[in-house]
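Biologist: I'm new to this one, so could you walk me through it? I'll ask, and you explain how you get to each answer.

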Amino acid sequence: MAMEPIGDQLNIDTPELVSIELPLAGIGSRFIAILVDSLILGAAVILLIFLGVFIITALGNFGEKSASWGIGILLLISFCCLGYFALFETFNNGRTPGKRVAKIRVIHQSGRGINFAEALARNLVRIIDYMPGFYGVGIAAMFMSRRSQRLGDMVAGTLVVREREVEAPMWNESTPRTLTAAALAPNSPILRPLARGAARACSGQTSPSDLEVLEGFFSRRSTWT
């Protein structure tokens with residue numbers, strides 16, 4: 001599998017001889033994502049502080065041992081909060097709420113999604129990327145990397161890419177949703193690109209544009225009468 005960065009694009013040639021173009025996320029979109037995530041985490045930390053104070057105060061009336069349990073519960077909740085990035089990136093298709101707003105996602109450098117070990121690795125190194133303040137080391141690493149990777153991405157073998165909105169080329173707002181006999185004719189403008197994409201898929205010559213046509217068809221077929 002060959003990978004070649006071209007400008008802000010990364011081309012991946014898969015074993016099936018399909019070239020995938022991935023637009024790399026820049027510092028601007030990643031800054032928006034981390035800003036939104038920081039606001040969410042900040043609100044969660046403030047809530048946890050009030051909750052911890054309430055628990056410790058309430059359990060403190062029943063003795064020192066109960067207060068220790070309250071501190072343990074607070075530390076456990078705080079640990080879950082620290083796993084915010086790793087858990088979201090693992091179970092939400094590489095996206096935290098901030099990345100969803102910025103329309104970016106984390107993927108493995110091979111083009112597949114990331115697993116928990118990779119998400120955990122890139123986020124453990126986040127502490128180093130954050131030094132000496134607000135991702136100074138990470139931003140410097142991104143400027144020096146051809147694929148805009150911070151240190152955590154380099155360690156885990158991950159990339160941050162922008163979302164691509166796939167639109168079916170043969171549909172517009174004026175296209176009727178009811179398929180008539182004319183629309184189902186072999187030479188109709190609706191079925192012609194679909195048939196061409198299916199034929200290339202069967203022959204192993206599928207192009208990205210063919211995949212977009214097929215994906216658009218399968219995503220819209222449930223809306224047709």
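Biologist: About how much area does the chain expose, and what share of it do carbon and sulfur atoms supply?

Modeller: Keep in mind that we're looking at a predicted model. The chain exposes about 13,700 Å². Of that area, the share that carbon and sulfur atoms supply is 67%.

Biologist: What does the secondary structure come to, and what percentage of the residues is buried?

Modeller: The secondary structure comes to ten helices and five strands. The chain has 225 residues, and the buried ones make up 36%.

Biologist: Among contacts with a separation of 6 or more, what share comes from residues 24 or more positions apart?

Modeller: Here we take the contacts in the chain with a separation of 6 or more and ask which of them join residues 24 or more positions apart. Those account for 57%.

Biologist: Which residues make up the largest nonpolar core?

Modeller: Start with Ala25, which touches Ile104 and Val160, among others. Those three belong to a core of nine residues. The full set is Ala25, Ala33, Ala86, Ala102, Ile104, Val106, Ile114, Ala119 and Val160.

Biologist: And on the surface, which element gives the largest share of the nonpolar patch?

Modeller: The patch is formed by Phe31, Ile32, Leu35, Leu39, Val101, Tyr130 and Phe134, with about 680 Å² of accessible area together. Leu35, one of its residues, sits in helix α1. Four residues of the patch come from one element, and that element is α1.

Biologist: Is Leu35 buried or partly exposed?

Modeller: Its relative accessibility is 40%. Buried would need under 20% and exposed over 50%, so Leu35 counts as partly exposed.

Biologist: Staying in helix α1, which residues does Ile40 touch, leaving out those up to four places away in sequence?

Modeller: Ile40 is in helix α1, which covers residues 27–60, and Ile40 is partly exposed at 35% relative accessible area. Tyr84 is 44 residues away along the chain, yet the two C-alpha atoms are separated by 10.0 Å. Leaving out residues up to four places away in sequence, Ile40 touches Tyr84 and Pro97.

Biologist: How many salt bridges does a search of the whole structure find, and which residues are linked in a network of them?

Modeller: The search finds eight salt bridges. One of them joins the side chains of Glu89 and Arg122, at 2.9 Å from N to O. That pair links distant parts of the chain, with Glu89 in helix α3 and Arg122 in helix α5, and both residues are buried. The network links Arg30, Glu89, Lys99, Arg122 and Asp153.

Biologist: How far apart in sequence are the parts that Arg105 and Glu163 tie together?

Modeller: The side chains of Arg105 and Glu163 meet in a salt bridge of 2.7 Å, N to O. Arg105 lies in strand β4 and Glu163 in the loop between β5 and α9, so the pair ties together parts whose separation in sequence is 58 residues.

Biologist: Is Glu118 buried or partly exposed, and what about Arg112?

Modeller: The side chains of these two meet in a salt bridge at 2.8 Å, N to O. Glu118 has 12% relative accessibility, so it counts as buried. Arg112 has 39%, so it counts as partly exposed.

Biologist: With which side chain does His108 make a polar contact of 2.9 Å?

Modeller: His108 is in strand β4, residues 104–108, and counts as buried at 15% relative accessibility. His108 touches Gly113, Ile114 and Glu118, among others. The 2.9 Å polar contact joins its side chain to that of Ser110.

Biologist: Which peptide bond is cis, with omega near -10 degrees?

Modeller: Most peptide bonds are trans. To find this cis one, go to the loop between α6 and α7, where Pro132 is placed. The bond runs from Met131 to Pro132.

Biologist: What is the phi of Asn93, and what is that of Phe134?

Modeller: Most residues other than glycine have a negative phi. Asn93, in the loop between α3 and α4, has a positive phi although it isn't a glycine. Phe134, in the loop between α6 and α7, also has a positive value. For Asn93 phi is about 60 degrees, and for Phe134 it is near 45 degrees.

Note on methods:
Residues numbered from 1 in each chain as written. Predicted model: local features only at pLDDT ≥ 70, side-chain atom pairs only at ≥ 80, totals over all residues. Heavy atoms only, no water. Helix = DSSP H or I, 4+ residues; strand = E, 2+ residues; numbered from the N terminus. Buried < 20%, exposed > 50% of the residue type's maximum accessible area, 1.4 Å probe, protein only. Contact = heavy atoms within 4.5 Å. Core = buried A, V, L, I, M, F, W, Y, C linked by side-chain atoms within 4.5 Å. Patch = residues over 30% accessible without salt bridge, like charges linked within 9 Å, V, L, I, M, F, W, Y side chains within 5 Å. Areas by Shrake-Rupley, 256 points an atom, 1.4 Å probe, with all protein chains shown as cover. Salt bridge = Lys/Arg side-chain N within 4 Å of Asp/Glu carboxyl O. Polar contact = N/O pair within 3.5 Å; in protein donor to acceptor, adjacent residues only side chain to side chain.
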